[in-house]
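The exercises below ask you to read strand pairing, burial and charged contacts from a structure, and each is followed by a worked solution. Please work through each task with the coordinates open before you turn to its solution.

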Amino acid sequence: MSKFFSLMFGLIIAFSPCANLVARAIGGPATKVIVGWNFPTAPGVQIFSPPKKNKYYHVLTDTGETLYVAKVLEKLEDDLCLGGKKKHWYLLPDDGPVSLNRASSLVIVIESNVKTQLRAVATKPPDLDQALLSHYVDGIARAGKLTNTAYGIRNAGYQDHTQRVVIILTSKAHAQSDAIDRIVVSVADIDGDNIRERYRYGKSRGDSGDLIANFAAMADIDQDGLADVLLIDQGDFHGKLLLIEKNNQWHKQRDDWGDPC
């Protein structure tokens with residue numbers, strides 16, 4: 001089991017003095033983003049590395065709102081891979097029952113020094129120039145020499161006149177094939193007739209196995225209305241991927257799930 005990748009956030013929120021105090025308090029080297037697993041038979045959201053003492057764990061909804069601040073349950077359970085027993089960690093609501101139906105099966109979890117209440121990412125129905133969007137997607141396909149393409153788009157917040165979107169573009173070698181051979185994920189900001197790409201990554205299918213890319217969840221850590229954490233599910237134990245914006249630069253962070261059996 002690998003260790004969590006630490007990530008520092010410099011948080012700036014231009015709202016109230018109180019909000020600024022909260023933003024500064026949850027920033028710093030102890031603040032990081034991890035992936036949790038929400039499944040029906042679990043007592044709470046499962047995480048995959050030992051939680052730290054004196055830290056607060058925030059379970060978010062799929063739109064980034066703080067669902068609850070957790071208490072940690074450690075259980076010694078059967079190891080279904082190797083046999084014997086193994087420690088597992090679950091994040092339970094700290095203050096009364098909370099419905100986990102508001103969280104997706106893959107969950108963004110924030111570890112920080114203090115409790116905080118994040119608001120959901122500001123979203124509204126996409127208002128996009130379809131010709132502009134098609135031209136942008138066609139440019140990605142040409143650059144990657146993709147064939148038999150299809151794409152989906154997800155709103156990831158807005159601020160003033162800027163709308164952030166996540167575009168997942170898929171490519172097949174043959175039109176009648178069920179298997180996706182390549183994916184491209186693009187994070188872009190749209191302002192009127194301008195599209196500014198903020199980040200792009202691609203992945204190809206190997207000799208075997210499926211290739212997918214599903215938008216699982218998002219969060220707005222600096223609370224400016226635009227998502228700065230995106231959780232992408234690529235369909236296997238090695239495929240949970242966090243895209244995180246820090247200092248106006250986007251980075252990939254792999255989850256800490258263990259190797260499958």
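**Exercise 1.** In what order do the 4 strands β11, β12, β13 and β14 form an open sheet, and is the pairing parallel or antiparallel?

*Solution.* Bear in mind throughout that the model is a predicted one. The order across this open sheet is β11-β12-β13-β14, and the pairing is antiparallel. The edges are taken by β11 (214-219) and β14 (249-254), each of which has a single partner strand, so that one side of each is left without a neighbour in the sheet. On average, and with direction ignored, neighbouring strands of this sheet are turned by 20° against each other. Within the sheet, β12 (residues 229-233) and β13 (residues 240-246) are joined in the antiparallel sense by 5 bridges, and Asp233 has Lys240 of β13 as its bridge partner.

**Exercise 2.** Determine the strand order of the open sheet that contains β7 and β10, and state which helix lies across these strands.

*Solution.* The order is β7-β8-β9-β10, again with antiparallel pairing. Here β7 (149-159) and β10 (194-204) stand at the edges with a single partner strand each, so one side of either strand has no neighbour in the sheet. The average turn between neighbouring strands of this sheet, direction ignored, is 15°. The helix is α2 (residues 130-144), which lies across β7, β8 (162-171), β9 and β10 and runs at about 40° to β10.

**Exercise 3.** Follow β9 through its pairings: how many bridges join β9 to β10, how many join β8 and β9, and how many of the residues of β9 are buried?

*Solution.* Begin with β10, to which β9 (residues 182-191) is joined by 10 bridges, the two strands running antiparallel. In this pairing Val184 has Gly202 as its bridge partner, while Val187 stands opposite Tyr199. The hairpin of β9 and β10 has 2 residues between the strands, and in this hairpin Gly192 takes a positive phi near 65°. Turn next to β8, which pairs with β9 in the antiparallel sense over 9 bridges; here Ile168 stands opposite Val185 of β9. Finally, consider burial: 8 of the 10 residues of β9 are buried, so this strand is largely enclosed by the rest of the structure.

**Exercise 4.** Which residue forms a salt bridge with Glu245, and are the two side chains buried or exposed?

*Solution.* The partner is Arg198, with a distance of 2.9 Å from N to O. Glu245 lies in strand β13 and Arg198 in strand β10, so the pair ties together parts that are 47 residues apart in sequence. To classify the two residues, apply the cut-off of under 20% relative accessible area for a buried residue. Glu245, at 11%, is buried, and Arg198, at 13%, is likewise buried. The pair also belongs to a network of salt bridges that links Arg164, Asp189, Arg198 and Glu245.

**Exercise 5.** How many salt bridges are counted in total, and what is the accessibility of the residues in the pairs Lys85 with Asp78 and Glu197 with Arg200?

*Solution.* The count comes to 9 salt bridges. In one of them Lys85 meets Asp78, the closest N and O atoms being 2.7 Å apart; Lys85 is exposed at 55% relative accessible area, whereas Asp78 is partly exposed at 46%. Another joins Glu197 and Arg200 at 2.9 Å from N to O, with Glu197 partly exposed at 30% and Arg200 partly exposed at 36%.

Terms used: Residues are numbered from 1 along each chain as its sequence is written. This is a predicted model: local features need pLDDT of at least 70, side-chain atom pairs count only at pLDDT 80 or more; totals for chains, interfaces and linings use all residues. Side-chain values use heavy atoms; hydrogens and water are left out. Two strands pair if DSSP finds at least two bridges between them. Axes are lines fitted to C-alpha atoms, for helices over the stretch in contact, and angles run from 0 to 180 degrees between N-to-C directions. Contact means heavy atoms within 4.5 Å. Buried means under 20% relative accessible area, exposed over 50%, partly exposed in between (1.4 Å probe, protein chains only). A salt bridge is a side-chain nitrogen of Lys or Arg within 4 Å of a carboxyl oxygen of Asp or Glu.
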